[in-house]
Amino acid sequence: MPVGADAVFARRTRILYWVFTSIALVFAGRLWLLQVVQGERLRGQAHANSRKERQIAAPRGLIVDRKGRMLVGNRVSYDLVLDRERMDDALAVAAWVAQVTGEEPEAVARRIQESKEPSFRPVTLARDLAFSQVAYVEARREDLPELSIETRILRQYPNGSVAAHALGYVSEISEAELARPELKHHHARDLVGKSGIERTYDAILSGTPGVRRNTVNNLGREISTEIVVEPVPGANVHLAIDLEVQRAAEEALAGRRGAVVMLDARDGSVLAIASSPTYDPNAFVGGISDVRWKQYNEDSTKPLQFRAIAGTYPPGSVWKALVSGAAIQSGKHRPSTTVTCLGSMVIYGSVRHCWKEEGHGTISMMPALIHSCNVYYYTAGRDIGWRPIIELGEEIGFGKATGIDLPGEVGGVLPSDAWKRKTLKEQWYPGDTINLAIGQGFLGVTPLQAAQFGMTIANRGTVHRPHLFDHASDPLTGETTHRSEDAVVSQVDWKPETLDFLYEALEGVVTKGTGTRAKLPGVRVAGKTGTAQPSSGEAPKGMPRDKRPERYQEHAWFMGFAPVEAPEVAFAIVLEHVGLHGGEAAAPVAHDILAAYFADRAVVAGQ
Amino acid sequence: VIDWRRLARDLDWPLLLATVALACIGVAFVDSAKATGAGFAPEATRQIVALVISLIAMVICLRIDYRKLAVLAPWAYGLGIVLLLLVFTPLGTEIGGNRAWLRLGSFSLQPSEPMKVATVLMLAVAASKRDARLRLGDLLAQTSVVAVPMGIIAIQDLGTALTFVPLLAASIFVSGLRWRWIIAAVVLVACLVPVGWKYAKPYHRDRVRVVFNPDLDPSGRGYHSIQSRITVGSGGFFGRGYKEGPQNRLGFLPERHTDYIFAIIAEEWGFLGAFGVLGLYVLLLARLCDAAILAKDRLGAILCVGAMTFLGVHLAINVGMVLGLLPTIGIPLPLVSYGGSSLLAFTVLMAFGANVRMRRMARS
């Protein structure tokens with residue numbers, strides 16, 4: 001008797017059969033929907049599938065100095081790329097790649113396996129291979145067709161760390177940056193300037209990517225290709241920087257912390273802008289390693305900080321030049337007014353010292369500035385009050401960013417009664433004026449602002465916006481595409497007698513005063529030294545100078561311009577916590593950068 | 001001595017021809033998916049070798065009375081389990097992310113495929129040993145026969161293991177489980193679905209989500225689904241022509257000679273071809289259903305139900321996935337997808353159907 005005689009079995013077997021057949025019918029319906037109803041549309045998608053438009057990266061523009069010398073260039077990086085869809089044996093590939101790169105095979109295998117990209121996207125296993133490695137890979141392509149060499153254009157900094165902070169670096173654009181309006185010319189995965197000139201002039205440097213239309217297979221392998229839109233390379237940016245002066249500045253700073261700024265006083269263009277310690281931007285190319293990044297960030301000397309525009313320091317005695325100007329301009333304290341310096345004085349109920357213990361004797365303003373007498377300026381400050389000092393400071397541009405074409409500039413602090421009430425919830429005390437008179441207290445000045453101060457004297461009052469950018473040129477034709485616009489941001493209303501005084505006094509500082517080490521034979525140099533008490537305060541009494549912790553060591557300043565008869569350059573130097581006077585430490589740096597600038601005019605010693 | 005006339009009369013020719021036809025279509029489309037230029041694709045050559053071996057196995061399976069085969073069932077079942085376990089030894093190898101293969105010299109075997117045959121055979125043996133009423137012991141026997149291999153396979157390949165669940169369900173269903181118990185089981189499973197969702201691995205959940213909205217992740221998890229739909233759809237009514245499908249030639253669809261081969265058939269042969277292939281499967285299902293009902297004994301009947309269920313479930317899961325109706329589950333299209341182990345298993349299962357049918361009159 002067949003089992004079919006069991007009615008339940010037969011019925012249920014037929015139910016099963018009909019379940020499957022119904023499913024097959026549903027499939028037939030779905031096929032009809034996809035193939036006949038939506039067939040046209042899906043066929044169009046299949047067509048679009050194989051025709052991919054891809055961007056052709058535009059080479060980024062070069063950055064050169066004022067004489068056309070290369071500061072930032074481009075180079076090609078050869079990367080080893082793995083196509084996982086064609087890969088048979090991950091371990092074999094890993095072992096082979098490890099041989100090329102000198103890594104552990106396990107490390108390579110982990111990179112292959114841990115890639116979060118979908119499997120049809122290639123994985124980069126090694127970046128920036130040496131030529132010998134590329135040759136090795138190419139020679140063995142046959143055995144491992146899943147591996148290939150891809151090229152990328154990378155930034156190159158031929159002078160290493162020179163001007164690193166000012167030039168900046170590029171890296172892959174972040175999500176947040178993609179949303180910013182000033183970077184809207186970028187697409188995901190583009191390289192974008194992250195700091196410095198690379199950031200400010202990113203739009204000029206970037207160029208316009210081209211479009212390539214490829215017929216590709218699923219592996220992205222091109223079967224045929226045509227260029228629809230040629231990429232337009234980015235324009236070359238010509239900076240005002242003079243590579244030789246820049247190098248001289250960095251050599252003078254080497255091994256110390258500080259900054260140098262030298263401006264062309266006639267138009268505000270930046271000849272040199274250096275910050276120390278520095279870093280090698282080549283390390284950021286193609287993605288900095290986490291270890292290196294951590295090192296830079298945790299370094300207590302802060303190599304990534306751009307001290308020239310983002311470091312603020314009390315200006316110390318450099319400020320006395322400004323106080324002299326304010327005194328003369330206000331008419332409340334004449335250059336001929338004499339003060340007797342006995343090494344210290346009692347003022348507003350407390351004892352204030354001059355740096356010269358035995359005192360300067362009875363002096364007028366000229367020798368007081370030349371020899372940087374504190375007692376004279378305590379008196380002058382008390383006589384004129386804080387207001388004229390702060391007003392002149394504002395006119396010159398202290399307390400606010402200069403507007404230089406670099407990201408990350410800070411404005412520093414120009415204190416006033418209103419400022420103090422707002423930030424410290426305290427009124428202005430007479431003692432604050434005394435501190436202000438010698439460039440101490442709440443004052444915070446960037447080296448760039450100090451150089452700008454030099455410019456206002458050198459220019460007889462005209463303040464040009466400091467800028468590095470000179471012009472941009474088309475890399476193919478050499479034609480100028482962008483030009484820097486000279487911007488006069490303010491005009492200090494110096495009285496002729498004020499300028500006469502400052503010219504004579506500041507030249508005196510270099511010829512016979514505290515700044516003689518800045519002397520450059522053949523060039524008349526004017527300047528002012530400064531030895532600033534760090535804002536961390538005064539060292540405890542009786543602590544020997546050489547035993548003081550570093551945070552109590554003074555900053556050394558030098559600010560000035562040259563040549564006196566027809567000023568061309570204005571500059572400022574600061575050396576952080578060197579524990580030396582401005583004349584000892586900073587003036588020699590001024591000498592070095594001036595020697596570099598005036599190389600063809602200065603009288604070389606011994607001739 | 002073979003009585004050729006009787007053989008010609010009793011053999012289930014529609015079933016055998018449909019089986020061979022599907023296997024030949026499989027070889028043709030493996031070649032279409034893999035051929036790079038002139039000449040036969042190496043995968044197609046291997047598939048032909050597998051087909052020849054499968055046909056020999058089929059003839060042997062037809063020659064031996066299924067009741068004698070049933071005597072061998074425990075041995076086949078035991079051997080199958082041993083092979084499954086060998087995958088976990090150094091003999092096992094990983095292909096496409098699943099460690100489900102045994103490397104044996106120059107060819108590799110996927111033990112879960114022969115295990116399907118052994119399980120059907122063993123299940124039929126277990127289900128036939130009962131009296132008129134279905135008892136709890138019968139349920140337990142059937143359940144354990146299926147659960148053991150399923151559990152071992154699930155460790156490495158959840159998708160394949162899942163195909164064993166309907167096998168057990170079908171066997172219990174046709175054995176006559178009361179409707180009230182069936183409804184209770186369905187309700188229970190329905191209640192367990194949200195729990196399963198909660199404990200599912202994130203990538204399993206993503207696979208399910210992508211079915212409903214492949215554009216969530218068009219270049220990642222939705223990629224297969226979208227490309228498969230485009231491949232099927234661009235075939236139109238008449239197809240792009242054999243070896244002429246751009247989606248196939250340009251390789252936009254991954255695993256197109258294995259799990260997604262139906263999409264290539266649909267692209268190159270169009271609605272007509274794909275519908276025809278579905279028709280061949282329905283024919284097979286019908287012949288197996290028939291054989292089950294005509295079977296002389298419960299052993300043969302369950303054997304046919306098992307073969308029908310495995311065929312139907314693989315068809316449903318695979319084509320459902322290709323047409324974007326089910327999540328991505330790596331299950332071959334029976335008889336057609338590239339892979340010798342699977343081809344062998346399904347030809348033998350089809351042979352069981354013919355075997356049972358031709359011996360329905362034989363004396364026990």
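The accessible surface of chain A, computed by the Shrake-Rupley method with a 1.4 Å probe, comes to about 27100 Å², and 51% of this area belongs to carbon and sulfur atoms. The model is a predicted one, in which local features need pLDDT of at least 70 and side-chain atom pairs count only at pLDDT 80 or more, while totals for chains, interfaces and linings use all residues. Residues are numbered from 1 along each chain as its sequence is written, chains are lettered from A in the order in which they are written, and side-chain values use heavy atoms, with hydrogens and water left out.

Chain A holds 21 helices and 23 strands, these being DSSP runs numbered from the N terminus (H or I, at least four residues, for helices; E, at least two, for strands). Of its 607 residues, 52% are buried, that is, under 20% relative accessible area, whereas exposed means over 50% and partly exposed lies in between.

In helix α18 (residues 430-437) of chain A, the buried residues are Asp432(A), Thr433(A), Ile434(A), Leu436(A) and Ala437(A). The buried residues of α18(A) pack against several elements of chain A, including α13 (318-330), β14 (344-347) and β15 (350-353), and just after this helix Gly439(A) takes a positive phi of about 70 degrees.

On the surface, Ile15(A), Val19(A), Trp179(B), Ile183(B) and Val187(B) make a nonpolar patch of about 440 Å². The elements that give two or more residues to this patch are α1 (7-37) of chain A and α9 (179-199) of chain B, and α9(B) supplies the largest share, three residues. Ile183(B), placed in helix α9 of chain B, counts as exposed because its relative accessibility is 51%. Patch residues have over 30% relative accessible area and no salt bridge, with like charges joined within 9 Å and nonpolar side chains (Val, Leu, Ile, Met, Phe, Trp, Tyr) within 5 Å; a salt bridge is a side-chain nitrogen of Lys or Arg within 4 Å of a carboxyl oxygen of Asp or Glu.

Terms used. Buried means under 20% relative accessible area, exposed over 50%, partly exposed in between (1.4 Å probe, protein chains only). Contact means heavy atoms within 4.5 Å.
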